[in-house]
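Here are some exercises to help you find your way around a new structure. Try each task yourself, then follow the solution step by step.

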Amino acid sequence: MAGIQTILPGWAHAHGTAAQSGLTALEPTRRVDNRVEYDITIEKTPFEIADERTTAITMNGTVPGPLIRLQEGEEVILRYHNALDEETSIHWHGLLLPNRFDGVPQVNYPGVAPGETFEAGPFEVRQYGTYWYHSHSGLQEQLGHYGPLVIDPAEGTPYEYDREHVVVLSDWAHDDPYQILANLKKGEHYYNFQQQTVGEFWSDVAEDGFFSTLKNRLRWDRMRMSATDLSAVRAPTYTYLMNGQAPGANWTGLFNPGERVRLRVINASAASIFDVRVPGLEMDVVQVSGQNVEPTATDEFRIGTAERYDVIVEPTEDRAYTVFAESLDRSSYARGTLAPREGMEGPVPEQRERPTLTMNAMGMDGMSDGDMGGMDHSNMEGMGEMDHGDMGHGDMSGDMKGQMSGGDAGDLRPPGTLPEPVMHDPDDDHGPAEAGLPMMTKSRLHEPGIGLGNDEWRVLTYDQLKAADEKDEFRAPDREIEMHLTGNMERFMWGINGVEFSDADPIRIGHDERVRLTMVNDTMMNHPMHLHGQFMELENGHGERAPLIDTITVKPAERVSLLIDGHEKGPWFFHCHILYHMDAGMARVFYVEPAPESDEEFYYDQVA
């Protein structure tokens, strides 16, 4: 298969330096003293992928868009021009910047109309690390509207390396994304070409017995689910890309044997989760969500949609190594090569078997049908975790209940600790927007995730992540907000607490209030959840060394908590980064109130 090639005259991809091979590096439009300005033109561009001609929404003519490189401490203007015949936008994923520049239509601003220009800036760059940018208008992200962004630290990096490569993973569909969404709403299995077969049934019978296997299949049927529902869309509908190139094009990043090479891996896909490894090389994970972490050695890591992992590898041999990014559902992969010379190609690993969900993945560990039917939900170990004070929740809607949960700070568990397992309360259902509820939810940060951990190599888990430095301030939360990620696969309905975004009120946080956000995944799907405008402290058991992240992939039947400080004022979008889940309603607005003495208003106040 061929890689992406722009075919308009004069618009061939630039390759930049060796450290930016396969990506166009955006040159500043203007630089004066400490201020730098960049210009981006958003338009439709014909190109080819896998020998098929199509059209993408490009930025400065390329997919991915150009690599933008900033410096911590400088003042920046990011200017974009809309040459499309429709509204567009750019969200700067993970950047700390004034609310009006965050780039979500109807939350921060009205969007950018055809023929108009918008300036994000000037603003001071207050961070370092690996980030990216993309559209928040319709389904434009699926059409190529995304690009990488790197911020160099003001005081240098604590990790030594000789060169770096930015590795952008994405998914491309020749089908119209709006038709994809329509098809998913007609039937959630529309793009599932990996259904269980009769042969698998009899294979399970040989291992588990006929009646046990039959009961298992019937149980999934009653939940209106399939044990192979791992991804909304997969290959062959998707072609998986590395730096805009299909697997056959063999994107190549160069190295000299013995060099330490930093790979800045960005998952810029619309709806795909990847498992990344470089067979033959150990990886030291040094940065997550753009923030430094204590180096952790591993052989493979799972990267959810919108996440970023920076790793350092040290190839010592004069040979090619494959950078292999296998889709979670094992339907296909993106791949490239690290090599000492152009034209070399590393061996491509065999794909692993497609995993299937189990009752354990739905929080039904070791429970039989009889166990589940006769459970006494009123006296379950762990239910005390749901008691946050005399709140009188009886007449609240599910959505309001999620916002109001939480008592005095003294009632909450210590900061940085893990949530306890909680059994499902049958009185806490969220109606037809929720189906197939897990019987128990618990912390799964120590688990690698479905389809991982059965090989002989190490797999990174969230509980291994530790911030490089202790925090200056680490205090207990003032309040807890519990939010249930809900869905009905059969109807392709997605929401939070059973409510879609269009029907939801904002979640309000006081100025400088410290809030524990506990997310409970009541679905069988992984959900990469992203909060705009600020970092979250992941409570993974490391206390003051809790890592800062802006996106986390929440596993099925998982209960995970993060700490948020109300420092960045204004309305910030919070959503699942699987594009079709977000568009179907799995989103909210977190509104951080300004200081009490402030009379500042935001665009959201005018349109909400």
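**Exercise 1.** Decide whether Ala557 is buried or exposed, and find its place and its phi.

*Solution.*
- Step 1: In this predicted model, the relative accessible area of Ala557 is 0%.
- Step 2: Buried means under 20%, so Ala557 counts as buried.
- Step 3: Going along the chain, you find Ala557 in the loop between β31 (551–554) and β32.
- Step 4: Phi of Ala557 is near 60°, a positive value in a residue other than glycine. Most residues other than glycine have a negative phi.

**Exercise 2.** Do the same for Asn60: where does it lie, what is its phi, and how does its accessibility class follow?

*Solution.*
- Step 1: The loop between β4 and β5 holds Asn60.
- Step 2: Its phi is also positive, near 55°, and Asn60 is not a glycine.
- Step 3: The relative accessibility of Asn60 is 33%. Partly exposed covers the values between the 20% and 50% cut-offs, so Asn60 counts as partly exposed.

**Exercise 3.** Stay with β4 and describe how it pairs with β3.

*Solution.*
- Step 1: Locate β3 at residues 35–49 and β4 at residues 52–59.
- Step 2: The two strands run antiparallel and pair over 8 bridges.
- Step 3: To see one facing pair, look at Glu48, which stands opposite Arg53 in β4.
- Step 4: The hairpin of β3 and β4 has 2 residues between the strands, and Ala50 has a positive phi near 50° there.

**Exercise 4.** Find which residues are joined by a cis peptide bond at Pro64 and at Pro236, and where these prolines lie.

*Solution.*
- Step 1: Most peptide bonds are trans, which makes a cis bond worth looking up.
- Step 2: Val63 and Pro64 are joined by a cis bond with omega of about -5°. Pro64 sits in the loop between β4 and β5 (68–71).
- Step 3: Ala235 and Pro236 are also joined by a cis bond, here with omega of about 10°. Pro236 sits in the loop between α3 (210–222) and β12 (238–242).

**Exercise 5.** Work out how the open sheet of 5 strands is arranged.

*Solution.*
- Step 1: Write down the strand order, which is β13-β21-β20-β15-β18, with mixed pairing.
- Step 2: Mark the edges: β13 (251–254) and β18 (301–303) each pair on one side only.
- Step 3: For the twist, neighbouring strands of this sheet are turned by 25° against each other on average, direction ignored.
- Step 4: Zoom in on β15 (residues 274–277) and β20 (residues 321–327), which pair in the antiparallel sense over 4 bridges. Asp275 has Glu326 in β20 as its bridge partner.

**Exercise 6.** Place Arg308, and say which backbone oxygen lies 3.0 Å from a polar atom of its side chain.

*Solution.*
- Step 1: Arg308 belongs to strand β19 (residues 308–313).
- Step 2: Its relative accessibility is 0%, so Arg308 counts as buried.
- Step 3: The oxygen in question is the backbone oxygen of Ala306.

**Exercise 7.** Describe the largest pocket: its volume, its lining and the elements that contribute.

*Solution.*
- Step 1: The volume is about 770 Å³.
- Step 2: There are 27 lining residues, and the closest to the centre are Gln291, Lys471, Phe535, Glu537 and Leu548.
- Step 3: β17 (291–298), β29 (536–538) and β32 (559–565) are the elements that give two or more residues to this lining.
- Step 4: By class, the pocket lining splits into 11 nonpolar, 5 polar and 11 charged residues.

**Exercise 8.** Say how many cavities of 30 Å³ or more the structure holds, then describe the largest and the second largest.

*Solution.*
- Step 1: The structure holds 6 such cavities.
- Step 2: The largest cavity has about 160 Å³ of space. It is lined by 15 residues, with Arg302, Pro448, Leu460, Tyr462 and Lys555 closest to its centre.
- Step 3: That lining has 6 nonpolar, 5 polar and 4 charged residues.
- Step 4: The second largest cavity has about 110 Å³ of space. Among its 13 lining residues, Met423, His424, Asp425, His484 and Arg559 lie nearest its centre.
- Step 5: The lining of the second largest cavity has 6 nonpolar, 3 polar and 4 charged residues.

How values were computed:
Residues are numbered from 1 along each chain as its sequence is written. This is a predicted model: local features need pLDDT of at least 70, side-chain atom pairs count only at pLDDT 80 or more; totals for chains, interfaces and linings use all residues. Side-chain values use heavy atoms; hydrogens and water are left out. On a 1 Å grid over the protein atoms alone, a cavity is a set of points where a 1.4 Å probe fits but cannot get out, and a pocket is an open set with protein on both sides within 12 Å along at least five of seven lines; lining residues have an atom within 4 Å of a point. Grid points are joined across faces, edges and corners, and a volume is the space filled by probe spheres set on the points. Ala, Val, Leu, Ile, Met, Phe, Trp, Tyr, Cys and Pro count as nonpolar, Asp, Glu, Lys and Arg as charged, and the others, Gly among them, as polar. Two strands pair if DSSP finds at least two bridges between them. Axes are lines fitted to C-alpha atoms, for helices over the stretch in contact, and angles run from 0 to 180 degrees between N-to-C directions. Buried means under 20% relative accessible area, exposed over 50%, partly exposed in between (1.4 Å probe, protein chains only). A polar contact is a pair of N or O atoms within 3.5 Å; within protein, one must be able to donate a hydrogen and the other to accept it, and residues adjacent in sequence count only if both atoms are side-chain atoms.
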